[in-house]
Amino acid sequence: MDSAQVQQILEQALNLQELHVKGEGSHYDVIAVDESFESMSRVKKQQLIYAPLMQYIQRNDIHAVSIKTFTPQEWARNKKLMSL
């Protein structure tokens, strides 16, 4: 499994404004941007992103996922500070 496949799974399952996935082997970093994150707890955001990936995690295709979630406003501020 590669980062493009992980991105495709998430894009099909979730209708997010912006999604970035990078990683190798079985470790992935996910950056998700959507207006809906405004009203969600941190745990709810994590659960939303993990849900479509659970079957792949359970069969060890994905070993680790680092998730960062932002509203579009937070992302506008933060992407200047991050290198994708």
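## Strands side by side

Let's start inside the sheet: Val33 has Phe70 of β3 as its bridge partner. The model you are looking at is predicted. Strand β2, which covers residues 27-33, runs parallel to β3, and the two are joined over 7 bridges.

Stepping back, the sheet is an open one made of 3 strands, with mixed pairing and the order β1-β2-β3. Its edges are β1 (18-24) and β3 (64-70), each of which pairs on one side only. From one strand to the next, the twist averages 10 degrees.

## Helices on the sheet

Now for the helices. Helix α1, residues 3-13, packs on the sheet and touches β1 and β2. The direction of α1 makes about 150 degrees with that of β1.

Helix α2, residues 42-50, also packs on the sheet, and its contacts are with β2 and β3. Here the angle between the direction of α2 and that of β3 is about 125 degrees.

## The nonpolar core

In soluble globular proteins, nonpolar side chains tend to be buried together. In this model, the largest nonpolar core has 17 residues. Which residues have the most contacts inside it? They are Leu10, Val30 and Ile49. The elements giving two or more residues to this core are α1, β1, β2 and β3.

Ile49 is a good place to pause. Leaving aside residues up to four places away in sequence, Ile49 touches Leu10, Leu14, Leu16, Val30, Ala32, Phe37, Ile67 and Thr69. So two of its partners, Leu10 and Val30, are also listed with Ile49 as having the most contacts inside the core.

## Thr69, a neighbour in β3

Follow one of those contacts of Ile49 to Thr69, a residue of strand β3. Is Thr69 buried or exposed? Thr69 counts as buried, because its relative accessibility is 15% and the cut-off for buried is under 20%.

Besides Ile49, Thr69 touches Ala32, Phe37, Lys45 and Glu74, again not counting residues up to four places away in sequence. Ala32 and Phe37 appear among the contacts of Ile49 as well.

## An aromatic pair

The structure holds 1 aromatic pair. It brings together Phe70 and Trp75, whose ring centres are 5.2 Å apart. The ring planes stand at 45 degrees, so the pair is tilted. Phe70 is the residue we met at the start, as the bridge partner of Val33.

Both rings belong to buried residues: Phe70 has 9% relative accessibility, and Trp75 has a relative accessible area of 2%.

## A salt bridge and an exposed loop residue

Side chains of opposite charge can pair when their charged atoms come close. The model has 1 salt bridge. Its members are Asp61 and Arg59, with the closest N and O atoms 2.6 Å apart. How open are these two residues to their surroundings? Asp61 counts as partly exposed at 27% relative accessibility, whereas Arg59 is exposed, with a relative accessible area of 51%.

Finally, look at the loop between α1 and β1, where Asn15 is found. Asn15 counts as exposed, at 74% relative accessibility. Along the chain, Asn15 and Thr71 are 56 residues apart, and their C-alpha atoms are separated by 14 Å.

Definitions and conventions:
Residues numbered from 1 in each chain as written. Predicted model: local features only at pLDDT ≥ 70, side-chain atom pairs only at ≥ 80, totals over all residues. Heavy atoms only, no water. Salt bridge = Lys/Arg side-chain N within 4 Å of Asp/Glu carboxyl O. Buried < 20%, exposed > 50% of the residue type's maximum accessible area, 1.4 Å probe, protein only. Pairing = 2+ DSSP bridges. Helix = DSSP H or I, 4+ residues; strand = E, 2+ residues; numbered from the N terminus. Axes fitted to C-alpha atoms, helices over the stretch in contact; angles between N-to-C directions. Contact = heavy atoms within 4.5 Å. Phe/Tyr/Trp six-rings, centres within 6.5 Å; stacked < 30°, edge-to-face > 60°. Core = buried A, V, L, I, M, F, W, Y, C linked by side-chain atoms within 4.5 Å.
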